[in-house]
Amino acid sequence: MRNLSFCKEKWDKRFFLAFIIAVICAIICGIVLCVQLNSNIYLRNLASNYIFNVYNFKNTPLFFSHFLSDLLYFYVCFLIGYCTKFKYLSLILIFIRGLFFGVYCVLLFTVGTFGGGLAAIIVFIPSTLISLCICYFFLDLCRCFNNKYIWLLPLIVAVANGIILMLLINVVFRVVIIIV
């Protein structure tokens, strides 16, 4: 069974705990900040456009916005995790991502009421949580790979995460809409 072992590096439990604490604190801060940001017309329009695109199954704007933000975060997390030993410094980036997640999630619930809540629960929350898990994977475990094509891994994973988003919209969300 040693042939199937992932790597010789140990799982960093302290970093995992710090990662979870950063995400939880960021979500709480995002919920608190959303009270102030709820009057911002730009963010309200952004949330209503997201809900409109989800309900009308307009995949192109959703895919490209999600893909570009994931690509940026994945490459930054990959570079921090693979090239440096300062992975705790990346918790600032994770905090910012979690902050936007909290703010945007509350905006989806308040702008779209039931429809926005349904889009948030079925599409936005799972896709963002998968993205955060991938960021953790890049930060903690990317040193295990010694391949010359390792620099394409964040691009491949960003495309895969975009495909997961499309499956959530076009399969899971459609089934829920048909049932409701």
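Begin with the contacts of the whole chain: among those between residues at least 6 apart in sequence, 84% join residues at least 24 apart. The model on display is predicted.

**The whole chain**

Keep the full chain selected and colour it by secondary structure. Five helices and zero strands appear, so that a walk from the N terminus reads α-α-α-α-α. Align the view to the principal axes next; the C-alpha trace then spans about 50 × 35 × 25 Å. For 180 residues, a compact globule would have a radius of gyration near 16 Å, and the value of 18 Å for the chain agrees with this.

Now switch to a surface representation. The accessible surface of the chain comes to about 10500 Å², and carbon and sulfur atoms account for 73% of that area. Of the 180 residues, 42% count as buried. Colouring by charge brings up 13 positive and 4 negative charges, whose mean positions lie 4 Å apart.

**Helix α2 and the loop after it**

Select residues 41–55, which form α2, and centre on N53, a residue of this helix. Is N53 buried or exposed? With a relative accessible area of 14%, N53 falls under the 20% limit and is therefore buried. Show its surroundings: leaving aside residues up to four places away in sequence, N53 touches K58, P61 and L62.

Proceed to F57, in the loop between α2 and α3. Its backbone deserves inspection, for F57 is not a glycine and yet has a positive phi of about 55 degrees. The relative accessibility of F57 is 22%, so this residue counts as partly exposed.

**Helix α3**

Select residues 59–83 to bring up α3, then pick S69 within this helix. Which backbone atom lies 3.1 Å from a polar atom of the side chain of S69? It is the oxygen of H66. Because its relative accessibility is 29%, S69 counts as partly exposed.

Before leaving α3, draw a distance between the C-alpha atoms of S69 and F57. These two residues are twelve residues apart along the chain, and the separation is 20 Å.

**Helix α4**

Select residues 91–141, the extent of α4. Two positions in this helix merit a stop.

The earlier stop is T113, which lies in α4. What is the sign of phi at T113? The angle is positive, at about 45 degrees, although T113 is not a glycine. On the surface view T113 is exposed, since its relative accessible area is 56% and the limit for that class is over 50%.

Move along the helix to D140, also a residue of α4. Here the relative accessible area is 5%, so D140 is buried. Display side chains at this position and look for the partner of D140: its side chain makes a polar contact with the side chain of Y136, at 2.9 Å.

**Returning to the full view**

Finally, restore the whole chain and label the stops together. N53 and D140 are the buried stops, at 14% and 5% relative accessible area. F57, at 22%, and S69, at 29%, are partly exposed, whereas T113 is exposed at 56%. For the backbone, label the positive phi angles of F57 and T113. With these labels in place, the loop between α2 and α3 can be located by F57, α3 by S69, and α4 by T113 and D140.

Conventions: Residues numbered from 1 in each chain as written. Predicted model: local features only at pLDDT ≥ 70, side-chain atom pairs only at ≥ 80, totals over all residues. Heavy atoms only, no water. Helix = DSSP H or I, 4+ residues; strand = E, 2+ residues; numbered from the N terminus. Rg over C-alpha atoms; globule rule 2.2 N^0.38 Å. Buried < 20%, exposed > 50% of the residue type's maximum accessible area, 1.4 Å probe, protein only. Contact = heavy atoms within 4.5 Å. Areas by Shrake-Rupley, 256 points an atom, 1.4 Å probe, with all protein chains shown as cover. Lys, Arg positive; Asp, Glu negative; His and termini not counted. Charge placed at Lys NZ, Arg CZ, Asp CG, Glu CD. Polar contact = N/O pair within 3.5 Å; in protein donor to acceptor, adjacent residues only side chain to side chain.
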